[in-house]
Amino acid sequence: MMKRTIGVVAGVLVLTVSAGLAETMRPLYSKENKFPELFAFEVGSDFNYRDFDEVIGTTSFGDVTVKENETTITPFVRFGLWENLTAYTRVPYGFIDSDVDGKTDGFRDLSVGLELLAYESSFKFPYVIPYVDVSFPTGDEDEGLGHGDTLATFGSAIGTTVEEVYHFTLDGRYEYDSRAEDGTFAGATAVIWDLSKRFSVLAEAKVREEVVGVDDGVPAFFEGGMCYKPVRALSLSWYGGVAVNTEENGNAGARIAYSF
């Protein structure tokens, strides 16, 4: 009788811990319905490398460009704050290597945000996720590590699943900068294919409103990636992509996240 009681209690504890685990969002440019349960945590870090050709002048032979690359490590925490409401914070630290300005490193702009699972059907699709993100000027603007002002992003994502293995998301957002007369609109989409319960691949794209005097055409970003879960609590992801109509040439990144 005692052994049976201990077994039942142990089973309940396992189920309780499992139910409280967070789920890691897989796309970089959009949101999907992967959230911590109530009072559950997700901790992890993003690793990102970006390569740039910075235009510093123009001659009769064409643009004069210099090389620059940036590496950013971004620890993050997500927490199931309320029913269907998740709070998060991100604390990035960056390394810059420029042909002109040399090497520098330091903290970038810290951000906090809220994600609300406003609607989700009983089958978990379709779903609607409004969200807000605020970044603070904790990075040194003169060193290229920060924006120099508080930024606010307001967005909403919708998504659905087809045949239980194909996931589609659409994401639209408005980025407000108090120093600019107008904000910037951006839109993104992602397609995720679950090849198994542990492994999935994804492709995504993002377009951003052209900034006059900065961009030569509408900036567009394209990304591909793979996501693997060796155990339910641990998620590992790898990404790589290119960009057009922007100084960025390409990027590579990874994400590790642990839920408890």
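User: How accessible is F260, and which category does it count as?

Analyst: Relative accessibility is read against two cut-offs: under 20% is buried, over 50% is exposed, and values in between are partly exposed. In this predicted model, F260 has 46% relative accessibility and therefore counts as partly exposed. F260 is placed in the segment after β15, the strand that covers 248–259.

User: Which residues form a nonpolar patch on the surface with F260?

Analyst: The patch consists of F41, V77, Y258 and F260. Together these residues have about 350 Å² of accessible area.

User: Is S121 buried or exposed?

Analyst: The cut-off for a buried residue is under 20%. S121 has 15% relative accessibility, so S121 counts as buried. S121 belongs to the loop between β7 (119–120) and β8 (127–135).

User: What lies 2.3 Å from a polar atom of the side chain of S121?

Analyst: A polar contact is a pair of N or O atoms within 3.5 Å. Here the partner of the S121 side chain is the backbone oxygen of F125, at 2.3 Å.

User: How should the two faces of a strand be read, and which residues of β11 lie on each face?

Analyst: The general idea is that side chains in a regular strand alternate between the two faces of the sheet. In β11, residues 184–194, the covered face holds T184, A186, A188, A190, I192 and D194. The uncovered face holds F185, G187, T189, V191 and W193.

User: Which strands are joined to β11 by bridges, and how do they run?

Analyst: Strand β10, residues 166–177, runs antiparallel to β11 and is joined to it by 10 bridges. Within this pairing, R173 stands opposite A186. A hairpin of six residues makes the connection from β10 to β11. Strand β12, residues 199–208, is also antiparallel to β11, with nine bridges between the two. There, V191 of β11 stands opposite A203 of β12. These two strands form a hairpin as well, with four residues between them.

User: Where does F199 lie, and which residues does F199 touch?

Analyst: F199 is a residue of strand β12. Its relative accessibility is 24%, so F199 counts as partly exposed. Leaving aside residues up to four places away in sequence, F199 touches W193, D194, M226, C227 and Y228. Of these, W193 belongs to the uncovered face of β11 and D194 to the covered face.

User: What separation is found between the C-alpha atoms of F199 and S237?

Analyst: The two C-alpha atoms are separated by 9.7 Å, while the residues are 38 residues apart along the chain.

Definitions and conventions
Residues numbered from 1 in each chain as written. Predicted model: local features only at pLDDT ≥ 70, side-chain atom pairs only at ≥ 80, totals over all residues. Heavy atoms only, no water. Patch = residues over 30% accessible without salt bridge, like charges linked within 9 Å, V, L, I, M, F, W, Y side chains within 5 Å. Areas by Shrake-Rupley, 256 points an atom, 1.4 Å probe, with all protein chains shown as cover. Salt bridge = Lys/Arg side-chain N within 4 Å of Asp/Glu carboxyl O. Buried < 20%, exposed > 50% of the residue type's maximum accessible area, 1.4 Å probe, protein only. Polar contact = N/O pair within 3.5 Å; in protein donor to acceptor, adjacent residues only side chain to side chain. Pairing = 2+ DSSP bridges. Contact = heavy atoms within 4.5 Å.
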